[in-house]
Amino acid sequence: SSWWNLFGISLFNFALAPTLPSWVNEKAPEVPAFPAIVTSLCVVIVLYTLIGIVGALAYDDWSHGNLFTKFSQSKSPLLQATVNIYPIIQNLTTIPVLSILIKYNLLQLGWVGRRDALLISFVLPWLLSIVFYGGDGFEVVCEL
């Protein structure tokens, strides 16, 4: 019941851990890293907080569930749609960034050339996702 337990979850929700080193390598030399990171984090924290508070104020009973469960149990088609759309948007914005990071890491390590790094980082994950999410491939891997 302590709010402190949510700190780590909230911090990693911003996906800072894997992306910051690559961003620092890619930024222009004249861009100061610390103010850019702090400013962007502050903006995101304010937006997340405002959206969460406004959403929470729409409901009286908070004895169980979270905002997503409230939205999914709502009679509003718009609120129900947001529950389904959010994970899609999250993946569409996260997967390309992680693919770029994989590509840069492969190139920096010198393990493969540009074409192979592109294939491994962008094409291979989508092919594997088709295999693992089509049928019971994911369950087989999880049971190993």
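The accessible surface of this protein comes to about 11,200 Å², and carbon and sulfur atoms account for 71% of that area. Keep in mind as you look around that this is a predicted model. Of the 144 residues in the chain, 10% are buried.

Now for the fold itself. The protein has seven helices and zero strands, so if you follow the chain from the N terminus, the order of elements reads α-α-α-α-α-α-α. Contacts across the sequence can be looked at too: taking those between residues at least 6 apart, 24% join residues at least 24 apart.

A good place to zoom in is the pair formed by helix H5, residues 77-109, and helix H6, residues 114-133. Their axes come within 9 Å and cross at roughly 145°, and the crossing is right-handed. On the H5 side, the contact is made by Ile-95, Pro-96, Ser-99, Ile-100, Ile-102, Lys-103, Leu-106 and Leu-107. Helix H6 answers with Arg-114, Ala-117, Leu-118, Ile-120, Ser-121, Phe-122 and Trp-126. Sorted by character, the residues of this contact comprise 11 nonpolar, two polar and two charged.

Stay with H5 a moment longer and find Tyr-104, which lies in this helix. Its relative accessibility is 32%, and because values between 20% and 50% count as partly exposed, Tyr-104 falls in that class. From Tyr-104 you can step across to Arg-114, one of the H6 residues in the helix contact. Tyr-104 and Arg-114 are 10 residues apart in sequence, and their C-alpha atoms are 9.3 Å apart in space.

Let us finish with the aromatic rings. A search of the whole structure turns up one aromatic pair. The partners are Phe-68 and Tyr-86, with ring centres 5.3 Å apart and planes at 45°. Why is this pair called tilted? Planes under 30 degrees apart would count as stacked and those over 60 as edge-to-face, so an angle of 45° leaves the pair tilted.

The two rings also sit in separate helices: Phe-68 lies in helix H4, residues 67-72, and Tyr-86 in helix H5. The pair therefore ties together parts that are 18 residues apart in sequence. Are these two residues buried or exposed? Phe-68 has a relative accessible area of 38%, so Phe-68 is partly exposed. Tyr-86, at 35% relative accessibility, counts as partly exposed as well.

Notes: Residues are numbered from 1 along each chain as its sequence is written. This is a predicted model: local features need pLDDT of at least 70, side-chain atom pairs count only at pLDDT 80 or more; totals for chains, interfaces and linings use all residues. Side-chain values use heavy atoms; hydrogens and water are left out. Axes are lines fitted to C-alpha atoms, for helices over the stretch in contact, and angles run from 0 to 180 degrees between N-to-C directions. Helices (H or I, at least four residues) and strands (E, at least two) are DSSP runs, numbered from the N terminus. A crossing is left-handed if the near helix is turned anticlockwise from the far one by less than a right angle, and right-handed if clockwise. Contact means heavy atoms within 4.5 Å. Ala, Val, Leu, Ile, Met, Phe, Trp, Tyr, Cys and Pro count as nonpolar, Asp, Glu, Lys and Arg as charged, and the others, Gly among them, as polar. Rings of Phe, Tyr and Trp (its six-membered ring) pair if their centres lie within 6.5 Å; planes under 30 degrees apart count as stacked, over 60 as edge-to-face and the rest as tilted. Buried means under 20% relative accessible area, exposed over 50%, partly exposed in between (1.4 Å probe, protein chains only). Accessible areas come from the Shrake-Rupley method with a 1.4 Å probe; for residues, only the protein chains shown count as cover.
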